[in-house]
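Q: I have just opened this structure and would like a guided look at it. Could we go through it together?

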Amino acid sequence: MPEGTRPLIVGPEPIAAPFPLKMQGLVQKGFGRGSKELGIPTANLPEESYCESFKLLDAASNTGVYYGWAKVDGVDNDEVHPMAMSVGWNPYYKNEKLTAEVHIMHPYNQDFYGKNMRVIVTGYVRPEFDYSTLEALIEDIEFDKKVAIHSLDRDSYKELKQDAFFK
């Protein structure tokens, strides 16, 4: 979708049910596309950490892009950072398995496979789309990141950065 046709801020203020959703799990190796092919590194959550949470959502909106906060235990002084997360089948890549891929908006200097990641999902950005080109996919992901940053810059969303879940 071209930039400008989507809003930069999504979700109500204050946050409304079913959000926030809290999940955690050990970071798993994914397909290796995020960093290498897209230039947008992701950390994959194990299936059991997100399936139960996403059953709470409306069937029409349970796959797609979400936003919120994330922290990797024992990495980067345990700081909490904004994140955008894709939950779905990634139609461009024709995945055969549902995945939850978290892009933490922070430049990490190390891999953290096997470390515990905590995520608070605060809202929904958009459904997943298929793309005709890799460039179009990357362009939409970059816009999703902007939406996440702008959407998190509201009081009820910022408060969750300090949530006891991250302690």
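A: The conversation below goes through the fold, the core and some individual residues of this predicted model.

Q: To begin, how many helices and strands does the protein have?
A: The protein has 4 helices and 6 strands. Along the sequence they follow the pattern β-α-β-α-β-β-β-β-α-α.

Q: And in what order do the strands sit in the sheet?
A: The order is E1-E6-E3-E4-E5-E2, in an open sheet of 6 strands with antiparallel pairing.

Q: Which strands stand at the edges?
A: The edges are formed by strand E1 (21-26) and strand E2 (43-44). Each has a single partner strand, so one side of each is left without a neighbour in the sheet.

Q: What holds paired strands together, in general?
A: Strands of a sheet pair through backbone hydrogen bonds, either parallel or antiparallel.

Q: Let us stay with E1. How many bridges join it to E6?
A: There are 6 bridges between E1 and E6, and the two strands run antiparallel. Within this pairing, Gly25 has Met117 in E6 as its bridge partner.

Q: Which residues of E1 are on its covered face, and which on the uncovered one?
A: Leu21, Met23 and Gly25 make up the covered face of E1, whereas Lys22, Gln24 and Leu26 make up the uncovered one.

Q: What about E4 and E5, how are they joined?
A: Strand E4 (residues 81-88) and strand E5 (residues 99-104) run antiparallel and are joined by 6 bridges. Met85 is positioned opposite Val102 in E5.

Q: Which strands does helix H3 lie across?
A: Helix H3 (residues 134-152) lies across strand E3 (64-72), E4, E5 and strand E6 (116-126). Its direction is at about 65 degrees to E3.

Q: Now the interior. How many residues are in the largest nonpolar core?
A: The largest nonpolar core has 39 residues. Those with the most contacts inside it are Met85, Val102, Met117, Val119 and Val121. Two or more residues come from each of E1, E3, E4, E5, E6 and H3, and the largest share, 6 residues, comes from E3.

Q: What lies apart from that core?
A: Another core, of 6 residues, lies apart from it; Leu38, Leu134, Leu137 and Ile141 are among its members.

Q: And what share of the whole protein counts as buried?
A: Of the 167 residues, 50% count as buried. As for contacts between residues at least 6 apart in sequence, 74% join residues at least 24 apart.

Q: Back to H3: is Lys145 buried or exposed?
A: Lys145, which lies in helix H3, is buried, because its relative accessible area of 17% is under the 20% cut-off. Leaving aside neighbours within four places in sequence, Lys145 is in contact with His103 and Met105.

Q: And Glu48, is that one buried or exposed?
A: Glu48 counts as exposed, at 65% relative accessibility. Its place is in helix H2 (residues 47-54). Glu48 and Gly25 are 23 residues apart along the chain, and their C-alpha atoms are separated by 8.3 Å.

Q: A change of topic: how many aromatic pairs are there?
A: A search of the whole structure finds 6 aromatic pairs. Ring pairs link Phe19, Tyr66 and Tyr124 into a cluster.

Q: Which charged residue sits over the ring of Phe165?
A: That is Arg118, whose charged end is 5.8 Å from the centre of the ring of Phe165.

Q: Phe19 came up a moment ago. What kind of peptide bond joins Phe19 and Pro20?
A: Phe19 and Pro20 are joined by a cis peptide bond, with omega of about 5 degrees. A cis bond also joins Glu13 and Pro14, again with omega of about 5 degrees. Pro14 is in the segment before E1, and Pro20 is in the segment before E1 as well.

Q: What is the usual situation for peptide bonds and phi?
A: Most peptide bonds are trans, and most residues other than glycine have a negative phi.

Q: Then what is the phi of Asp76, and of Asn77?
A: Asp76 has a positive phi of about 55 degrees although it is not a glycine. Asn77, likewise not a glycine, has a positive phi of about 55 degrees.

Q: Where is Asp76 found, and where is Asn77?
A: Asp76 is in the loop between E3 and E4, and Asn77 is found in the loop between E3 and E4 too. Asp76 counts as partly exposed at 24% relative accessibility, whereas Asn77 counts as exposed at 72%.

Conventions
Residues numbered from 1 in each chain as written. Predicted model: local features only at pLDDT ≥ 70, side-chain atom pairs only at ≥ 80, totals over all residues. Heavy atoms only, no water. Phe/Tyr/Trp six-rings, centres within 6.5 Å; stacked < 30°, edge-to-face > 60°. Lys NZ or Arg CZ within 6 Å of the ring centre and 35° of its normal. Pairing = 2+ DSSP bridges. Contact = heavy atoms within 4.5 Å. Axes fitted to C-alpha atoms, helices over the stretch in contact; angles between N-to-C directions. Core = buried A, V, L, I, M, F, W, Y, C linked by side-chain atoms within 4.5 Å. Buried < 20%, exposed > 50% of the residue type's maximum accessible area, 1.4 Å probe, protein only.
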